[in-house]
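Good morning, and thank you for making time for this presentation. I shall go through the side-chain contacts first and the backbone afterwards.

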Amino acid sequence: MKKTIVNPIFNDACTFLRTSVDTDGSFSDMMVTLGPYGGNPMHRHSAFSESFMVLEGTLGLMVDGQKMLLRPGEKVTVYKGQSHCFFNPTDSVTKFHLQFTPGHTGAENMLRITYGLAADGMANKKGIPKSLSAIALLCEMGDTSLTGIFSILSPALKVLASRARQKGLEKELLDKYCI
């Protein structure tokens, strides 16, 4: 399994320092290099908290409607259930340490698959997989719930994820990007 994954759409990289398996489920530890103006959509997790510590550049966070700009050395923890997203508000690279507590193999796999799909041309220009079935599976796998207006899609995504799993898509994605 690759230690460093790259998303060519944003020129992002994520290096897995210690996985959930490595820490007996205590935490997942990653180093993220976020390209200029990169980021992710608003979401929440119910199984783990995320801690962000900036090493270089500026990292933007939106947490429960509050916008923050973090500089090197600053750290914020987003707790289970809090709506959040992160972003690079600058034209320079941002580097940060990311930790899931407790560790979450599913979220690690979600990252691997999302970056892999982007590398294979199977994601749009915002880095979102083109397949709605893949999105549904990734949301479940990574304990990721969409927020705001997109939260109304949750029941449909659960049905799509179940159907995709029955058709073997989850195994296919795991075999291709997570082994």
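**Side-chain contacts and backbone features**

The charged end of Arg 112 sits over the ring of Phe 16, at 4.0 Å from the centre of that ring. Please bear in mind throughout that this is a predicted model.

Let me turn to contacts between rings. A pair of aromatic rings is described by the distance of the centres and the angle of the planes. In this model the count comes to 4 aromatic pairs. One of them joins Phe 52 and Phe 86: the ring centres are 5.7 Å apart and the planes stand at 55°, so this pair is classed as tilted. Phe 52 belongs to strand β5, residues 49-56, and Phe 86 to strand β9, residues 84-87; the pair therefore ties together parts that are 34 residues apart in sequence. Phe 52 has 0% relative accessibility and counts as buried. Phe 86 is buried as well, with a relative accessible area of 12%.

Phe 52 also pairs with Phe 96. Here the centres lie 5.9 Å apart with the planes at 40°, so this pair too is tilted. Because Phe 52 lies in strand β5 and Phe 96 in strand β10, residues 94-101, the pair ties together parts that are 44 residues apart in sequence. Both Phe 52 and Phe 96 are buried. Taken together, ring pairs link Phe 52, Phe 86 and Phe 96 into a cluster.

I now move to the surface. Which residues make the nonpolar surface patch of about 450 Å²? They are Ile 149, Phe 150, Ile 152 and Leu 153. Of these, Phe 150 is placed in the loop between β11, residues 145-146, and α3, residues 154-166.

The next topic is charge pairing. Side chains of opposite charge can pair when their charged atoms come close. How many salt bridges are there? The count comes to 5 salt bridges. In one of them, Arg 18 is bridged to Asp 29, with the closest N and O atoms 2.5 Å apart. Arg 18 lies in strand β2, residues 12-18, and Asp 29 in strand β3, residues 28-34, so the bridge ties together parts that are 11 residues apart in sequence. The partners can be set side by side: Arg 18 is partly exposed, with a relative accessible area of 41%, whereas Asp 29 is buried, with a relative accessible area of 2%.

Another salt bridge lies within a helix. The side chains of Asp 175 and Lys 171 meet at 2.6 Å, N to O. Both residues lie in helix α4, residues 169-177, and they are 4 residues apart, about one turn of the helix. Asp 175 is partly exposed at a relative accessible area of 38%, and Lys 171 is exposed at 54%. Elsewhere, salt bridges that share partners join Glu 140, Arg 165 and Glu 170 into one network. Within that network, Glu 170 and Arg 165 form a salt bridge whose closest N and O atoms are 2.9 Å apart. Arg 165 has 34% relative accessibility and counts as partly exposed.

Strand β3 deserves a second visit, since Ser 28 is placed there. Is Ser 28 buried or exposed? Ser 28 is buried, with a relative accessible area of 1%. A polar atom of the Ser 28 side chain lies 3.0 Å from the backbone nitrogen of His 104. The side chain of Ser 28 also makes a polar contact with the side chain of Glu 108, at 2.5 Å.

That brings me to the backbone. Thr 101 and Pro 102 are joined by a cis peptide bond, with omega about -5°. Pro 102 is found in the loop between β10 and α1, residues 105-119.

Two residues with positive phi are also worth noting. Asp 64 has a positive phi of about 45° although it is not a glycine. Asp 64 is found in the loop between β6, residues 59-63, and β7, residues 66-70, and counts as partly exposed at 49% relative accessibility. Phi of Asp 143 is likewise positive, near 50°, and this residue is not a glycine either. Asp 143 is placed in the loop between α2, residues 132-141, and β11, and counts as buried at 14% relative accessibility.

Lastly, Cys 178 lies in the segment after α4 and is buried, with a relative accessible area of 8%. Cys 178 and Ser 49 are 129 residues apart in sequence and 22 Å apart in space, C-alpha to C-alpha.

Terms used:
Residues are numbered from 1 along each chain as its sequence is written. This is a predicted model: local features need pLDDT of at least 70, side-chain atom pairs count only at pLDDT 80 or more; totals for chains, interfaces and linings use all residues. Side-chain values use heavy atoms; hydrogens and water are left out. Rings of Phe, Tyr and Trp (its six-membered ring) pair if their centres lie within 6.5 Å; planes under 30 degrees apart count as stacked, over 60 as edge-to-face and the rest as tilted. Buried means under 20% relative accessible area, exposed over 50%, partly exposed in between (1.4 Å probe, protein chains only). A charge sits over a ring if NZ of Lys or CZ of Arg is within 6 Å of the ring centre and within 35 degrees of the ring normal. Patches are made of residues with over 30% relative accessible area and no salt bridge: like charges are joined within 9 Å, nonpolar side chains (Val, Leu, Ile, Met, Phe, Trp, Tyr) within 5 Å. Accessible areas come from the Shrake-Rupley method with a 1.4 Å probe; for residues, only the protein chains shown count as cover. A salt bridge is a side-chain nitrogen of Lys or Arg within 4 Å of a carboxyl oxygen of Asp or Glu. A polar contact is a pair of N or O atoms within 3.5 Å; within protein, one must be able to donate a hydrogen and the other to accept it, and residues adjacent in sequence count only if both atoms are side-chain atoms.
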